[in-house]
Structures are given as C-alpha cells and as structure tokens.
Amino acid sequence: ELLDLLEAGICPPPTHTYRIGEEVEVITKGYGWQRATVVGVSDHHYDLRMTTSVEGQESFVWHNRPARTIRRPGSQAFEVGDRVDALTRSYGWQRGIVVF
C-alpha cells in the first residue's frame, strides 16, 4: 500500500511545510487525495480536520499525519506519493507511485 511505503521511509523526506488553518490534500487508503484543514503542527507531522462527503456527518480530526502524505490543493505537478498510471512500451498501462 502507498501509505506503507511512505511510512517505511522509502520516499524522500518532505520539502513543504504547512501552517495551522491552511487548506491541504491528504492521501488516504482507498479514497485517494482528500481535502483537509491543518489544525495542529508538530515536527513535520500534522493534525488534519477532514469533512466527510456524506451530508449530515460531522468532520473528524486525523492526528499525526506525516508531511510527505500531504500536498497543497490543486497541485498540477505530480508529487512524491501520488498514485499514477504510466504507459510502458513492454507492458502497457501500469499502476505506480511517484517516489522521487
């Protein structure tokens, strides 16, 4: 899984920092990139408030997320940790993860 690779330190360390109140996107298992708001910061780990897409459900706080699993919203370039599909000459379309 993507988050397992990130947690294992296979991906390089984060290059961005985020501030409390900043809108970000965080990679999630099964749902891809989801919008969130930074509500706490500690040594390149962040507490994020996420709102579910189901109407009537409240938001929740996701504690201690590593910076390398977070990006700024609307980012057009690929970033470390992004899931991608790549067209290869020998094997056609293959799923992968940006690692550097």
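Is Glu 22 buried or exposed? I began with this residue, and since its relative accessibility comes to 14%, I noted Glu 22 as buried. I should record at once that I am working from a predicted model, and that each value below is computed from it.

**Entry 1: the partner of Glu 22**

I next looked up what the side chain of Glu 22 meets, and found a salt bridge with Arg 72, in which the closest N and O atoms are 2.9 Å apart. The two residues come from distant parts of the chain, 50 residues apart, with Glu 22 in the loop between H1 and E1 and Arg 72 in the loop between E5 and E6. For Arg 72 I read a relative accessible area of 34%, so I entered this residue as partly exposed, the band for that word running from 20% to 50%. In this pair, then, the acid is buried, whereas the arginine is partly exposed.

**Entry 2: the other salt bridges**

How many salt bridges does the structure hold? I find 3, and having dealt with the one between Glu 22 and Arg 72, I turned to Arg 71.

Arg 71 forms a salt bridge with Glu 25, with 2.7 Å between the closest N and O atoms. This pair also links distant parts of the chain, since Arg 71 lies in strand E5 and Glu 25 in strand E1, 46 residues apart. I checked the burial of both partners, and Arg 71 and Glu 25 are each buried.

Arg 71 also meets the side chain of Asp 82 in a salt bridge, at 3.2 Å from N to O. Here the separation along the chain is 11 residues, from Arg 71 in strand E5 to Asp 82 in the loop between E5 and E6. Asp 82 is buried, as is Arg 71. Through shared partners, the salt bridges join Glu 25, Arg 71 and Asp 82 into one network.

**Entry 3: the strands around these residues**

I then wanted the wider frame, and counted 1 helix and 7 strands in the protein, running α-β-β-β-β-β-β-β from the N terminus on. What is the order of the strands in the open sheet? I read E4-E3-E2-E1-E5, a sheet of 5 strands with antiparallel pairing. E4 (60-66) and E5 are its edge strands, each pairing on one side only. The salt bridge of Arg 71 in E5 with Glu 25 in E1 therefore connects two strands that are adjacent in the sheet order.

Within this sheet, E1 and E2 (residues 32-42) run antiparallel and are joined by 6 bridges, and I noted Gly 32 in E2 as the bridge partner of Thr 28.

E6 and E7 (residues 92-97) pair in the antiparallel sense over 6 bridges and form a hairpin with 3 residues between them. Asp 85 stands opposite Arg 95 in E7.

**Entry 4: aromatic rings**

My search for aromatic pairs gave a count of 1. The rings are those of Tyr 18 and Tyr 46, with centres 5.5 Å apart and planes at 80 degrees, so I logged the pair as edge-to-face, the angle being over 60 degrees. This pair links distant parts of the chain, 28 residues apart, with Tyr 18 in the loop between helix H1 (2-7) and strand E1 (23-28), and Tyr 46 in strand E3 (residues 45-50). Are these tyrosines buried or exposed? Tyr 18 has 4% relative accessibility and counts as buried, and Tyr 46, with a relative accessible area of 2%, is buried too.

I also looked at Trp 62, and found Arg 65 lying over the face of its ring, at 4.3 Å from the ring centre.

**Entry 5: Val 80**

Val 80 lies in the loop between E5 and E6, and at 26% relative accessibility I entered it as partly exposed. Its C-alpha atom is separated by 5.0 Å from that of Val 98, although the two residues are 18 apart along the chain.

**Entry 6: totals**

I closed with figures for the whole protein, where 28% of the 100 residues count as buried. About 7,000 Å² is exposed, and carbon and sulfur atoms supply 51% of that area. Among contacts with a separation of 6 or more, 39% are between residues 24 or more positions apart.

Note on methods:
Residues numbered from 1 in each chain as written. Predicted model: local features only at pLDDT ≥ 70, side-chain atom pairs only at ≥ 80, totals over all residues. Heavy atoms only, no water. Helix = DSSP H or I, 4+ residues; strand = E, 2+ residues; numbered from the N terminus. Buried < 20%, exposed > 50% of the residue type's maximum accessible area, 1.4 Å probe, protein only. Contact = heavy atoms within 4.5 Å. Areas by Shrake-Rupley, 256 points an atom, 1.4 Å probe, with all protein chains shown as cover. Phe/Tyr/Trp six-rings, centres within 6.5 Å; stacked < 30°, edge-to-face > 60°. Lys NZ or Arg CZ within 6 Å of the ring centre and 35° of its normal. Salt bridge = Lys/Arg side-chain N within 4 Å of Asp/Glu carboxyl O.
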